[in-house]
Amino acid sequence: MSPSSSWSRTVVLMSSDGETFEIYEAEAQPLLAIKNLIKPDCNKTCISIADVTRNTLAMIINYCRMHAEFADNDDLLTSFDRMFLDGDDATLHDLKDAILFLNIRSLIPLINQALANRKIKANSKEYICDTERFKIKSNISQEEEPEVRCENTWHFDKKFRSNVVQFSIKIETKTKIVGF
């Protein structure tokens, strides 16, 4: 199949609430769960997606369109991805369920990173370390903690803290994702 034929053929996706979206086959390529359902000899294939609502499906289609059209512009896509994941918690969780259902591999690490960042920023260090989900064990005793804080005051300075925390979150999240 030539690249131009995937831009001439369309696929119709139907959300769980009956809304239909017509997209080019090239834009549907990241949707691995429906990739095999697209018939090569049909111009319009209609695929019902039972577990994804119209709002969530519209967001995912917007993501697929942007990444198909601007695949060569990394800066634009990076800023788009940041804005794409800037929603409320309920929207992000619906989006994560849809991403996993549709098996969009390029979005799985992004959504996990966004949700982990929110969870970490919204809670205290003690809560995060004690939570069963993260299972973080400290190798510093409570007696040693003031000394470590004193030696590393730059880390606790608010000006530098956000960059260091973001960097450490990325490292920890990548480790967690690889572990799954």
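This passage describes selected residues of a predicted model, covering their placement, burial and contacts.

The N-terminal part of the chain is considered through Val11, a residue of strand 1, which spans residues 10-14. Val11 has a relative accessible area of 1% and is therefore classed as buried, since burial requires a value under 20%. When residues up to four places away in sequence are set aside, Val11 touches Phe21, Glu22, Ile23, Glu25, Ile38, Thr45 and Ile47. The C-alpha atom of Val11 is separated by 7.7 Å from that of Ala28, a residue 17 positions apart from it along the chain.

A charged residue, Glu27, is found in the loop that joins strand 2 (20-24) to helix 2 (32-35). Its relative accessibility is 3%, so that Glu27 counts as buried. Outside the window of four places in sequence on either side, the residues touched by Glu27 are Trp7, Cys64, Arg65, Ala68 and Glu69.

Helix 5, which comprises residues 89-102, includes Asp97, and Ile99 also lies in helix 5. The two residues are assigned to opposite classes of accessibility: Ile99, with a relative accessible area of 0%, is buried, whereas Asp97, at 52% relative accessibility, counts as exposed because the exposed class begins over 50%. With neighbours within four places in sequence left aside, Ile99 is in contact with Ile60, Ile104, Leu107, Ile108 and Ile111. A further relation across the sequence is given by the C-alpha atoms of Ile99 and Leu31, which are separated by 8.5 Å although the two residues stand 68 residues apart along the chain. Asp97, for its part, belongs to a surface patch of negative charge, in which it gathers with Asp51, Asp88 and Asp94.

The loop between helix 5 and helix 6 (108-122) contains Asn103, whose backbone has a positive phi of about 55 degrees even though the residue is not a glycine. This value is notable because most residues other than glycine have a negative phi. At 26% relative accessibility, Asn103 counts as partly exposed, a class that lies between the limits of 20% for buried and 50% for exposed residues.

Taken by accessibility, Val11, Glu27 and Ile99 are thus buried, Asn103 is partly exposed, and Asp97 is exposed.

Notes: Residues numbered from 1 in each chain as written. Predicted model: local features only at pLDDT ≥ 70, side-chain atom pairs only at ≥ 80, totals over all residues. Heavy atoms only, no water. Patch = residues over 30% accessible without salt bridge, like charges linked within 9 Å, V, L, I, M, F, W, Y side chains within 5 Å. Areas by Shrake-Rupley, 256 points an atom, 1.4 Å probe, with all protein chains shown as cover. Salt bridge = Lys/Arg side-chain N within 4 Å of Asp/Glu carboxyl O. Lys, Arg positive; Asp, Glu negative; His and termini not counted. Charge placed at Lys NZ, Arg CZ, Asp CG, Glu CD. Helix = DSSP H or I, 4+ residues; strand = E, 2+ residues; numbered from the N terminus. Buried < 20%, exposed > 50% of the residue type's maximum accessible area, 1.4 Å probe, protein only. Contact = heavy atoms within 4.5 Å.
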